[in-house]
Amino acid sequence: MGGVVLDDGAGGVKAPDGGWGWAVLFGCFVITGFSYAFPKAVSVFFKELIREFSIGYSDTAWISSILLAMLYGTGPLCSVLVNRFGCRPVMMVGGLFAALGMILASLATSIIHIYLCIGVLTGLGLALNFQPSLIMLNRYFSEKRPLANGLAAAGSPVALCCLSPLGQVLQYHYGWRGGFLILGGILLNCCACGALMRPLTAPKKAENSGIEEAQEHEEKPKAKAKSKLLDFSVFKDRGFLIYTVAASIMVLGLFVPPVFVVSYAKELGNEDTKSALLLTILGFIDIFARPTCGIIAGLKWVRPRCVYLFSFALIFNGTTDLIGSQSKDYASLVVFCIFFGISYGMVGALQFEVLMAIVGTQKFSSAIGLVLLMEAIAVLVGPPSAGRLLDYTKNYMFVFLLAGSEVVLSALVLAICNFLFIKKNPQEADAAVEAGEVAGELEQLSKNHTEELKEPNGDTTETLKDLDEQEAKAELEGMTVLQDEQVKNGGVSANPESSL
C-alpha cells in the first residue's frame with residue numbers, strides 16, 4: 001500500500017500519459033462534476049417541491065440521499081458491466097439513463113415518482129458514468145496520474161459553482177418542471193463524454209510473422225475466459241483491506257461540515273445570503289487545492305509515499321473540523337471554510353489515486369466498485385446520525401467534533417496499519433516508479449540502434465565493420481590487462497616471444 005504498482009494499461013498496453021488521454025481527462029472532469037455536484041444542485045428545487053406536494057423537508061432530503069446511495073451502492077454492478085462490455089458503451093447508456101430520469105421527473109405527480117426518477121434512475125446513470133471514467137483515466141495515465149486525478153477531481157467544485165446558480169435561474173424562469181427538463185438535456189453531455197473514452201489498443205508490429213499472429217489469436221480467447229466480471233481477490237490484499245476500512249470511517253464525517261456549515265452560520269445570527277457565501281468560499285479554495293495536491297503527489301519522492309500524504313490530508317481535515325467547532329462568529333467560520341477547502345481538496349485529489357496505487361490497473365475496476373459499496377453504507381449513516389445528534393444536543397459544536405474525530409480516526413487507521421502490516425520498502429516503490437522511465441529509455445535506445453543498422457546505401461556493412469573492429473580492440477585490451485596482472489603476480493605472459 002505504501003508503494004506504487006507500475007501500470008502497463010489494459011491488455012499489456014503501456015499508458016500513453018498524454019495524447020488522447022487529455023481528452024479522456026476532460027471527460028472525466030465533466031463526469032466528476034456532474035456526479036458530485038448534481039445531488040447538491042437539485043436541492044435548489046426543494047422548496048418548490050414542498051409547496052407542490054405538501055411535504056416536509058425530511059421528505060425532500062431523501063431525493064439526494066437516494067441519489068448518493070445509487071452513486072456509491074451500485075459500484076459492484078458498474079464493475080461487472082465495465083468488465084463485460086467496456087467503459088465507453090456503459091457510460092453512453094448511463095448518460096441516457098441520467099437524462100431520462102430528469103426528463104421523467106419533470107412529469108411527476110407525486111414525490112414517490114421523483115424518488116424513482118431522480119433518485120434511482122438518474123443516480124444509476126451517474127454511477128454508470130463516474131466509475132468507468134475513473135477506470136479510463138487510470139488506464140491512460142501512469143507517470144502523470146496524480147496530476148490527472150487532481151485535475152479531474154477539480155470538476156466537482158467547478159460544477160457546484162456553476163450548477164447551483166443555474167438551478168436558481170431555471171427555477172425562477174421555468175419552475176421546477178422546466179428546470180428538471182433542461183437539466184435532463186444538460187446531462188446528455190454524459191453521452192458525449194462517454195464517446196471520448198476510446199479503448200487503448202496495442203500498436204501493430206510489422207515484423208510479427210503469421211505464426212506469431214496465429215498464436216496471439218489463440219491466446220486471446222483463453223485470456224478472456226480467465227477474466228472475471230468481479231474480482232474478489234482484491235480482499236486478499238492487506239493494503240486494500242486497510243484502505244477500505246479507513247475510507248468507510250472517513251466518509252462518516254467527511255461530508256458532514258459542508259452540509260451543516262450554512263445552518264451553523266444562520267444559528268449565529270447571520271443573513272441567508274451571507275451564510276450561503278461560506279460554501280462559495282469553500283468551493284473556490286477547493287478548485288485550486290485539488291490540482292495543486294495532484295502536482296505534489298506526483299513528485300518523485302512523494303509519490304511512493306502517497307498513502308502517508310493522504311493520511312496527512314485526513315488529519316488536516318479532521319483537525320480543521322475540531323478547531324472549527326469552537327467558532328463563535330462569522331469571521332472564524334470564514335477561516336474555517338478556507339482551511340476546510342484546502343484539506344477537503346487534498347482528500348478529493350488523493351482518495352482514488354491511493355486506491356489506484358494499491359491495486360493497479362487490472363484490478364482497479366473491481367476494487368473501486370467494492371470500495372464504493374462499503375462507502376455507500378457510511379454515506380447513508382453519517383449525515384443522518386449527525387442530524388440526530390444536533391436534534392438531541394441543539395449545539396453544532398458536537399456535530400463538528402464528531403465529524404472531526406471520525407476523519408482523524410480514519411487517518412490513524414490508514415497510517416498506522418500501513419506502517420505495521422505493509423512490508424514493502426520505499427526503495428522498492430521508487431524502483432517501481434522509475435521502472436517505466438527506464439523501460440522507455442531502453443526501448444528508445446533499441447529503436448535508435450536498429451535504425452542505425454538499417455541505414456541505406458551500404459551503411460549497414462560499414463556499421464557492422466566498425467562494430468567488429470571495436471569488439472576486437474576491446475578483446476585485445478582485455479588480454480593485455482590480463483597479461484600485465486599475471487606478470488605482476490609472478491606469472492608468465494602468454495606472448496609469442498615467451499612461448500618460443
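Reader: Which residues of helix H13 are buried, and what makes a residue count as buried?

Author: In this predicted model, the buried residues of H13 are Ser275, Leu278, Leu282, Gly283, Asp286, Ala289, Arg290, Pro291, Cys293, Gly294 and Ala297. A residue counts as buried because its relative accessible area is under 20%. Across the protein chain, buried residues make up 47% of the 500 residues.

Reader: How do you know what span to expect for H13?

Author: The expected span is 1.5 Å times one less than the number of residues. H13 covers residues 272-297, which is 26 residues, and reaches 38 Å from its first C-alpha to its last, close to the 38 Å expected. For H11, with 17 residues from 238 to 254, the reach is 24 Å, close to the 24 Å expected.

Reader: Why is H11 called largely enclosed by the rest of the structure?

Author: Of its 17 residues, 13 are buried, so H11 is largely enclosed by the rest of the structure. One residue placed in helix H11 is Ser248, and at 15% relative accessibility Ser248 counts as buried, because the cut-off is under 20%. Leaving out residues up to four places away in sequence, Ser248 touches Met374, Glu375 and Ala378.

Reader: What makes the approach of the Ser248 side chain to Thr244 a polar contact?

Author: The side chain of Ser248 reaches the backbone oxygen of Thr244 at 2.8 Å, and a polar contact needs a pair of N or O atoms within 3.5 Å. At the start of H11, a side-chain oxygen of Asp237 likewise comes to within 2.9 Å of the backbone nitrogen of Gly239.

Reader: Why is the pair of Trp22 and Phe141 called edge-to-face?

Author: The structure holds 15 aromatic pairs. In the one formed by Trp22 and Phe141, the rings are 5.2 Å apart centre to centre, with 65 degrees between the planes; the pair is called edge-to-face because planes over 60 degrees apart are given that name.

Reader: What parts of the chain does this pair link, and is Trp22 buried or partly exposed?

Author: The pair links distant parts of the chain, with Trp22 in helix H1 and Phe141 in the loop between helix H6 and helix H7, 119 residues apart. Trp22 has a relative accessible area of 38%, so Trp22 is partly exposed, whereas Phe141, at 0%, is buried.

Reader: Why is the pair of Phe336 and Phe340 called tilted?

Author: Phe336 and Phe340 lie 5.6 Å apart centre to centre, with 35 degrees between their planes. The name is tilted because stacked requires under 30 degrees and edge-to-face over 60. Both residues lie in helix H15, four residues apart, about one turn of the helix, and both are buried. Ring pairs also link these two with Tyr264, Tyr344 and Phe400 into a cluster.

Reader: What makes Arg198 count as lying over the face of Trp20?

Author: Arg198 is at 4.3 Å from the ring centre of Trp20 and lies over its face; the distance limit is within 6 Å, alongside a limit on the angle to the ring normal. Arg84 lies over the face of Phe85, at 5.0 Å from the ring centre.

Reader: Which residues touch the most other members of the largest nonpolar core?

Author: Within that core of 126 residues, they are Ile63, Ile114, Phe180, Leu187, Phe240, Phe310 and Leu355. H15 gives the most to this core, with 29 residues.

Conventions:
Residues numbered from 1 in each chain as written. Predicted model: local features only at pLDDT ≥ 70, side-chain atom pairs only at ≥ 80, totals over all residues. Heavy atoms only, no water. Helix = DSSP H or I, 4+ residues; strand = E, 2+ residues; numbered from the N terminus. Buried < 20%, exposed > 50% of the residue type's maximum accessible area, 1.4 Å probe, protein only. Polar contact = N/O pair within 3.5 Å; in protein donor to acceptor, adjacent residues only side chain to side chain. Phe/Tyr/Trp six-rings, centres within 6.5 Å; stacked < 30°, edge-to-face > 60°. Lys NZ or Arg CZ within 6 Å of the ring centre and 35° of its normal. Core = buried A, V, L, I, M, F, W, Y, C linked by side-chain atoms within 4.5 Å. Contact = heavy atoms within 4.5 Å.
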